[in-house]
Amino acid sequence: MTTVTTTPTSGEAEAVIIRRAQPWWQLLWRDKFACVAAVWLTVLAFCLIIGPELLGDTATQLNLRARNAVPGLENGPMWILGGDPLGRSLLARLIVGARNTISVALTAVFIAMTVGGTLGMVAGYVGKWVSHVIMRLADVVQSFPSLLLAVIVLYMLEPRVGNLIIVLATTRTPIYLRVTRAEVLEIRERVFVDASRALGSGRFHILRNHIAPIVAPTLLTIMTVDFASVMLSESGLSFLGIGIQPPAITWGLMVAQGRNYLAQAWWLAFFPGLMIMFATLSANILSSWLRLATDPVQRWRLETHKKEEDDK
Amino acid sequence: MADKPLLEVRDLKVEFRTGREIVKAVNGANFTAYPGKTLAILGESGSGKSVSAQTIMRLLQIPPGAITGGTAMFHGVDILKMPMDEWRQMSGKKMAMVFQDALASLNPVFTVGWQIAETFRIHGECSRSEAFDRAGALLERVGIPAARDRVKDFPHQFSGGMRQRVMIAMAVALKPDLLIADEPTTALDVTVQAQIMDLIKDISKESGMSVILITHDLGVVVDVADTVAVMYAGRVVEGGNVIDVLQQPAHPYTLALLRSAPQAREKGERLQPIVGSPPDLANLPTGCSFHPRCAFATDICRRQAPPIKSVAEGRISECHHAETVHHEPVHA
Amino acid sequence: MNPSTPSPAAAGKKPILQVRGLTKHFGASGGFGLTSRSKVIRAVDGVSFDLYPGETLGLVGESGCGKSTVARTLLRLEEPTAGQALFDGKDIFTMDGAEMRNLRRRMQVIFQDPYASLNPRMRVEDIISEPWVIHPDVVPIDQRPDRVRDLLESVGLRRDHAERYPHQFSGGQLQRIGIARAMTLNPQVMICDEPVSALDLSIQAQVINLLEEIQDRHQIAYIFIAHDLSVVRHMSDRVAVMYLGRVAELGTERQVYGSPRHPYTKALLSAEPTINFTNEMQSRRILLQGEVPSPANPPSGCRFRTRCWKAEERCKVDIPELVVQSDGDGHVAACHFPEPLSTGPAH
């Protein structure tokens with residue numbers, strides 16, 4: 001895949017390894033872990049979009065014979081992962097639950113990242129005073145136990161999905177804010193930012209063209225890690241009765257409900273937990289891959305990784 | 001050169017294996033240090049000069065580095081194959097090193113006096129107070145003002161030049177036979193650089209210590225060294241007495257370096273640069289590594305690696321056209 | 001004090017840049033309680049010089065002498081504490097946004113570290129055309145790809161290099177890209193902040209030649225900052241020697257290098273290792289004692305007095321002004337006891 005060219009230019013001979021730019025899907029195919037992660041996330045996206053329409057009825061259908069049914073095929077294919085205390089299909093509930101779970105967590109994390117990232121850039125690049133105000137606000141939010149904050153806010157407002165997302169997003173925002181600000185403070189001292197300033201660029205130009213592209217992959221990585229903890233916080237709030245309420249289904253809620261039966265029916269909490277773990281893991285793997293693929297200095301790791309094995 | 005060599009490095013080869021390629025940092029280097037003399041290893045970044053020094057001092061990180069060949073005979077023993085604990089006994093006592101970055105080489109949480117005293121206590125059996133006394137005397141010797149009081153200071157309380165003096169004090173504490181100085185003045189200002197170079201010269205003269213000075217600066221070589229080894233792409237391409245080599249170079253690379261130096265040209269006169277880029281150590285050219293940038297290159301240079309030729313008494317050059325180059329005036 | 005006497009090379013021309021009493025103190029305005037007590041670092045203290053169109057003014061000195069701060073302040077990457085810098089008669093330090101944007105087109109910069117001064121995530125094409133994104137009226141969008149490639153060729157690179165990322169180049173090539181970017185707006189003044197210090201000797205000469213070719217072709221005035229005396233000597237028409245934030249001596253290259261009047265200049269020149277083999281040079285070496293004092297606590301009077309072999313009581317009290325020396329116009333030095341004029345030839 002690599003060719004060595006020696007071409008003299010204006011009295012200058014040079015030997016530079018030229019790598020043909022590969023389309024992203026080829027790079028993805030080369031990294032099998034990332035590939036599996038991408039497939040899994042696609043499946044989840046599929047569940048998210050059409051799950052409730054497809055299996056909404058099955059997920060609420062009671063089957064008293066399958067109460068706390070052991071995983072297996074005795075009660076039909078839908079009960080392959082077992083049944084819940086009311087005999088509803090665990091598999092169907094997991095698929096239907098994907099929409100609530102992922103959309104709540106994803107929206108919350110996305111809002112936290114956008115707000116935190118923007119405020120962090122402002123705090124890092126604009127004047128001292130603005131920065132101080134923003135950072136002290138972040139201190140206030142962080143010094144509050146996040147669960148307590150959520151409880152207070154959700155008791156005062158209604159425990160609706162929208163409010164839940166806002167509360168979850170608020171408690172996560174300071175992390176993005178701090179990371180972004182720290183990175184901005186470091187990047188703004190780099191020489192290429194000075195070079196851009198000397199060319200006459202304004203703050204917005206520098207933030208958009210030089211700082212944001214470097215901060216974004218870091219935020220993306222935090223986001224994937226955060227994804228899991230937001231799903232779990234959501235289940236905690238649901239458990240306290242101020243989050244998403246049954247009969248709505250979320251994975252976190254399923255874990256919470258399943259905990260009571262851990263001794264008799266471990267699968268009730270185990271499979272939703274596994275779903276949360278796999279979703280997070282896939283997002284994490286894919287984000288590391290994305291981080292490499294978007295970094296021109298690191299991209300070769302993906303390109304040559306497989307090739308060396310082929311050569312042997 | 002009637003003297004017996006102190007350190008004789010033959011055909012040294014060092015590689016670094018990274019994810020995608022093998023970088024041949026040192027590619028068969030030969031050089032010799034004689035007792036009481038100063039040998040300068042001159043080269044640009046990537047020429048393998050620092051890696052050679054690190055390898056001899058057994059400081060090479062393995063992996064990713066690997067010594068793939070060669071010997072380094074010191075006092076009749078090959079130090080590259082010496083067991084590590086035996087080497088530790090010897091390093092410091094017989095051979096010591098000074099680095100470019102003095103601040104990074106000193107431990108920030110101990111006083112400089114403690115760090116020098118420790119050198120004595122590791123190797124010799126002298127008491128704590130005696131070691132401290134000797135540390136103070138050493139700092140005085142390397143020209144640190146109020147040395148007896150400053151033994152209790154920490155590295156960050158010294159200026160760049162003073163730190164380098166402390167490093168030199170530590171290196172010569174046990175009166176080694178050989179001091180390897182890796183770009184000791186590159187980070188310093190010219191006026192301080194002159195002070196440090198003079199100090200190294202003085203100590204060498206005083207105690208008969210040999211010095212291997214690794215540098216990229218032609219001026220420093222002229223100033224300090226007796227002999228010089230010019231490195232390019234991991235090989236010593238030319239060696240010999242400093243004045244002979246720099247007045248009548250026998251390798252096109254040395255010649256081109258001298259011609260490109262701005263000191264010889266006045267305003268308005270264009271410099272004569274070496275064309276092209278430094279070699280890619282993972283994809284070295286065939287034949288002579290310098291041929292893509294060489295004004296003397298012919299067909300044979302592309303096909304065949306040049307032999308080591310002796311062009312005059314004590315002068316070697318690795319070039320097919322060494323004799324022609326040798327008769328070329330430096331400034332046409 | 002009149003440092004603006006034109007040198008022979010620039011006689012009759014009007015200076016394009018007049019720097020007067022430029023001062024930059026760091027930490028002078030502390031923000032919150034704790035920081036305000038920290039020491040003031042007098043990085044630049046009353047520096048004045050002129051720059052004429054098409055000439056090269058060398059700025060030379062050891063680390064901490066303030067030469068890079070002068071550059072950063074002139075570019076308004078730092079705000080000055082005091083002083084003026086008249087570009088074509090207009091003070092840079094009081095310019096508003098629009099005037100500043102206009103000035104950016106006329107004054108550009110090349111940085112020391114070619115790796116750090118280019119954004120590693122941008123392609124060369126985007127790096128070189130960034131100035132046109134900021135100043136959209138200079139080159140129409142559809143002509144930019146072609147112009148980028150023309151510029152690459154003019155600095156000795158290939159047209160297809162535009163597609164690559166910085167990490168695929170060597171240091172010398174990156175510096176060429178930096179030069180190409182600085183040329184995009186056709187500046188009249190170029191501040192070169194140690195442009196070859198980070199490069200290998202064999203590459204230095206290529207870049208120096210390129211800078212000289214560009215100057216010949218476009219008549220750009222250079223402020224050439226370096227610590228390497230021989231590089232500055234080769235490049236410069238006139239040279240200013242700086243010590244601890246002040247100009248110690250200023251004159252034509254011949255005056256400063258041929259018959260230095262300030263003791264510091266003399267010591268600096270003698271300490272520079274050269275590849276001349278005459279022993280005469282060696283014997284005349286002046287070994288300065290000690291190191292440059294901290295700019296946070298500079299000596300009173302003449303700042304060089306702590307290391308000067310000629311220092312007397314007067315040097316402690318009186319700050320020496322830049323005084324015109326007797327060997328021709330434009331040669332000024334700030335010393336109470338200047339060196340005698342050298343009797344030998346200038347070289």
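In the predicted model, helix α1 of chain B, spanning residues 49–56, is mostly covered. Eight of its eight residues are buried. The run starts with B:K49, B:S50 and B:V51. B:S52, B:A53 and B:Q54 are also buried, as are B:T55 and B:I56. The buried set therefore includes a lysine, B:K49, under a criterion of 20 or more other C-beta atoms within 10 Å. After α1(B) comes B:R58. The phi angle of B:R58 is positive, near 60°.

Chain B also touches chain C. The contact involves 37 residues of chain B and 30 residues of chain C. On the chain B side, four elements are listed as giving two or more residues: α8 (190–207), α9 (218–224), α10 (242–247) and α11 (252–260). Helix α8(B) provides the largest share, six residues. By class, this side of chain B has 17 nonpolar residues. A further 12 are polar and eight are charged.

The fold of chain A was examined next. Chain A contains 12 helices and two strands. Along the sequence, the pattern of chain A is β-β-α-α-α-α-α-α-α-α-α-α-α-α. Both strands thus precede the helices in the order of elements. Chain A has 312 residues, and buried residues make up 39% of them. Among contacts in chain A with a separation of 6 or more, 65% are between residues 24 or more positions apart.

Methods
Residues are numbered from 1 along each chain as its sequence is written. Chains are lettered from A and ligands numbered from 1 in the order in which they are written. This is a predicted model: local features need pLDDT of at least 70, side-chain atom pairs count only at pLDDT 80 or more; totals for chains, interfaces and linings use all residues. A residue is buried if 20 or more other C-beta atoms lie within 10 Å of its own, exposed if 12 or fewer, and partly exposed in between; C-beta atoms are placed from the backbone. Two residues are in contact if their C-beta atoms, placed from the backbone, lie within 7 Å. Ala, Val, Leu, Ile, Met, Phe, Trp, Tyr, Cys and Pro count as nonpolar, Asp, Glu, Lys and Arg as charged, and the others, Gly among them, as polar.
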